[in-house]
Structure formats: C-alpha cells, structure tokens
Amino acid sequence: MSRMKRGRGMAASWYGIARTATIDRAGAWAELDDGGTGKVVTGVTEIGEGILTVLAQIAADEMGIKPEDVTIGDNDTARSPEAAHAGATRQTYMIGNSVALASREAFRVLGEEMAEHWDVDINDLRAFDGELWAEGTNHRMSMDDAVATCKARGIVPVGSASFTAHGTGLDPMDGSGNPWQAYVFGTQVAEVEVDTWTGEVQVLGIWAAHDVGRAINPRGVEGQIEGGVVQGLGQALMEEYITDKGHAITHGFAKYILPTSLDIPQINSIIIEDPDPKSPLRAKGIGEPSLVPTAPAIMNAIYDAIGVRIKTLPATPEKILKALRDHVPGHTQIARDNRSLRAKTARHGAVTV
C-alpha cells in the first residue's frame with residue numbers, strides 16, 4: 001500500500017440570508033452635507049466584517065461622492081434607526097439596502113433642486129467622485145457647490161429609508177413555506193494528501209465559488225471567503241471540543257487546536273454575481289455561507305484518497321488510522337512493516353521515500 005494518498009472532494013451548499021421565517025428590517029438616514037461630503041446614520045454593528053467600508057462605498061456610489069468623504073455616524077440605538085443584529089449574513093443585504101435607499105433619497109432631493117436651478121430634466125443629472133453634471137449640456141458643478149446651492153434655496157438634501165425582507169414559517173405537515181427572502185449558493189473543491197502511516201491530512205488547495213448577488217467590495221468578499229474556508233478547515237481536521245456528561249474535557253487551546261498560517265493551503269476564491277431581484281443593490285452577502293461547504297469537501301477528499309469514510313468531525317489522525325485498520329485488510333501489518341523497513345534503512349544510511 002502506497003504511503004501517501006491524494007484525493008479530491010466537492011461539496012455544494014445553500015444559505016438563507018437574514019432572520020428566519022419572520023420579517024427582517026433595517027433603517028437609515030443619509031445627508032449630503034457641507035463640502036460635498038456625506039453622512040450616514042444607522043444602528044450598524046461593526047464586528048470586524050468590514051461593514052463600515054461597504055456602507056461608505058454604497059452611500060458614495062448612490063450620492064456621487066468619494067467613499068472617503070462619507071462619515072458613518074453614531075450607531076447608538078437611542079439616536080439612530082434600527083438595524084438589528086450583526087449575524088445571519090444580513091449586514092450588507094439589510095443595512096446596505098437601507099443605506100442605499102436613504103442615500104438615493106438624499107440625492108433625489110438635491111437633484112430636484114439642481115434640475116430646477118439648471119432648467120434640465122432630473123433624469124439627465126449624473127454625479128460621480130464629487131462632481132455633478134447634466135448630460136447633453138454644459139452644466140457642471142462640484143458637489144460642494146451643489147449642496148451650497150440647495151441650501152441657498154432653503155433645501156437640505158437629506159433622506160431616510162428602511163428595507164424589509166419578508167419570510168414565512170414552514171408548514172409542520174408538509175414543510176412548505178418561504179423562511180428567507182434571499183438565498184446564496186456555493187461550491188467548494190478540496191484536494192488533500194493523506195499519510196496512511198500516521199493518519200495526518202494535509203490540505204493542498206481549496207477552490208471556493210460563491211454566489212454573492214453583486215460584489216460591493218470584491219476584495220472584502222474574497223477575504224470573507226478565505227476566512228470561512230480557514231474556519232471550515234479547522235472544523236474538519238483540528239478543532240475538537242470534548243464533553244463528558246455535560247462537563248468540558250477540553251479545557252484550553254493546548255488541546256483545542258486551531259489552524260495557523262502553516263496549515264492554510266492555497267485558497268482560490270471565485271466570485272459569482274447573480275443579482276438578487278428583490279434587492280435595490282442587487283447584492284446578497286457572504287459571511288457564514290463561505291464556511292458551510294469546506295468541511296464536507298475535505299471529508300469527501302479524504303474518502304477519495306483512502307476509500308474510507310470518516311463520519312465524525314474532526315478527522316484526526318487517530319480516527320483515520322482506526323478507520324484504515326477497521327476497513328482496509330492488512331493495513332496494520334503493512335504500516336508496521338513500512339515503519340520497520342524505514343528504521344532499518346535509516347540505520348544503514350539509506351534514503352527512504
């Protein structure tokens with residue numbers, strides 16, 4: 001039996017965005033302010049996922065200004081619109097859409113005043129990177145001057161909006177229903193190498209393709225996918241939390257092993273953009289979904305490599321060796337003979353493979 005075995009495995013997944021089987025909603029305020037800057041207020045919670053960057057990009061795109069000129073205001077729920085929790089891959093989908101709609105409203109208010117000021121059709125107005133113009137004319141103005149013009153006419157360009165996603169519960173008899181408004185889909189392929197003498201598994205590569213609707217920040221999406229894959233790798237091969245009659249046996253990180261940079265393979269992120277028809281942004285999201293297919297893909301790859309199915313996580317070397325002993329005839333003797341041969345040749349200075 002050859003010592004090193006390689007295999008590939010695939011897994012596909014789907015994931016529902018936002019709250020389950022209930023109405024989800026989020027609100028936001030937006031303003032085009034002095035100096036042509038933008039201000040957004042919403043009860044968003046930044047927990048490291050990069051949502052503040054995404055919201056600044058969304059607001060800037062809708063109001064025609066630079067992302068660095070957007071300020072995300074105080075998120076204290078006593079002073080800001082409801083945005084609900086950071087979870088369920090809902091931040092971009094729920095809060096992003098509410099910020100987009102509020103920013104569109106602020107720009108619409110400015111647009112109505114500037115269209116009247118220039119005597120042009122509001123549908124001909126365009127804005128980008130802090131500059132406003134009317135197509136087919138010579139009218140052009142910085143957003144700074146446009147805001148000042150609006151305020152001189154007695155108008156402050158502000159907007160507010162909310163976004164709601166509807167879901168219904170599942171029928172207890174036939175399972176029918178619509179628990180989520182939007183779904184994301186993903187597929188991952190893993191390539192592994194299994195050492196049949198030691199039971200160790202090395203993941204050589206992960207190819208992860210995920211539908212995100214529309215990628216607001218492609219680099220951020222890639223980072224989310226890579227982070228999910230790393231978590232999935234840990235779940236598949238290392239992270240084991242053991243309890244006995246409700247008491248923890250795994251007391252610390254000395255036994256609960258986490259992946260390090262040396263354990264991470266090449267991760268190939270593939271962004272699929274299938275716009276969501278019910279989203280003003282056409283975006284969906286990618287948070288937890290990137291984690292879902294990783295462990296199944298790795299487990300399938302292990303099966304492809306050694307022909308034995310590991311049915312509990314993580315797939316530790318001890319589990320793999322036991323599975324080989326139980327299901328591969330003569331594996332124990334083969335491994336023993338290989339170790340004996342390796343030790344004998346090593347004593348004589350021979351090179352073993």
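These numbered points describe the helices, the nonpolar cores and one sheet of a predicted model.

1. Helix α2 covers residues 91-118, and because each of its 28 residues should add 1.5 Å, a span of 40 Å is expected, which agrees with the 38 Å that separate its end C-alpha atoms. Of these 28 residues, 21 are buried, so that the helix is mostly covered, and it is followed by D119, whose phi is positive, near 60°.

2. The largest nonpolar core holds 48 residues, and those with the most contacts inside it are L110, M114, L132 and M143. At least two residues come from each of several elements, including β2 (24-33), α1 (51-63) and β8 (158-165), while α2 gives the most, with twelve residues. Both domain 1 (4-16 + 189-337) and domain 2 (24-163) supply at least three residues to this core.

3. M114 can be followed in more detail: leaving aside residues up to four places away in sequence, M114 touches L125, L132, M141, A146, T149 and C150. Another core, of 34 residues, lies apart from the one described above, and among its members are A190, A295, A315 and L324.

4. Four strands form an open sheet in the order β1-β9-β10-β13, with mixed pairing. Because β1 (4-16) and β13 (266-272) stand at the edges with a single partner strand each, one side of each has no neighbour in the sheet. Strands β1 and β9 (residues 183-195) run antiparallel and are joined by 13 bridges, and R8 stands opposite E191 in β9.

5. Two helices lie across strands of this sheet: α4 (residues 218-237) crosses β9, β10 (201-211) and β13, running at about 130° to β13, whereas α5 (residues 294-306) lies across β1, β9 and β10, at about 150° to β1.

Technical notes:
Residues numbered from 1 in each chain as written. Predicted model: local features only at pLDDT ≥ 70, side-chain atom pairs only at ≥ 80, totals over all residues. Heavy atoms only, no water. Expected span 1.5 Å × (residues − 1). Buried < 20%, exposed > 50% of the residue type's maximum accessible area, 1.4 Å probe, protein only. Core = buried A, V, L, I, M, F, W, Y, C linked by side-chain atoms within 4.5 Å. Domains from an automatic or database assignment. Contact = heavy atoms within 4.5 Å. Pairing = 2+ DSSP bridges. Axes fitted to C-alpha atoms, helices over the stretch in contact; angles between N-to-C directions.
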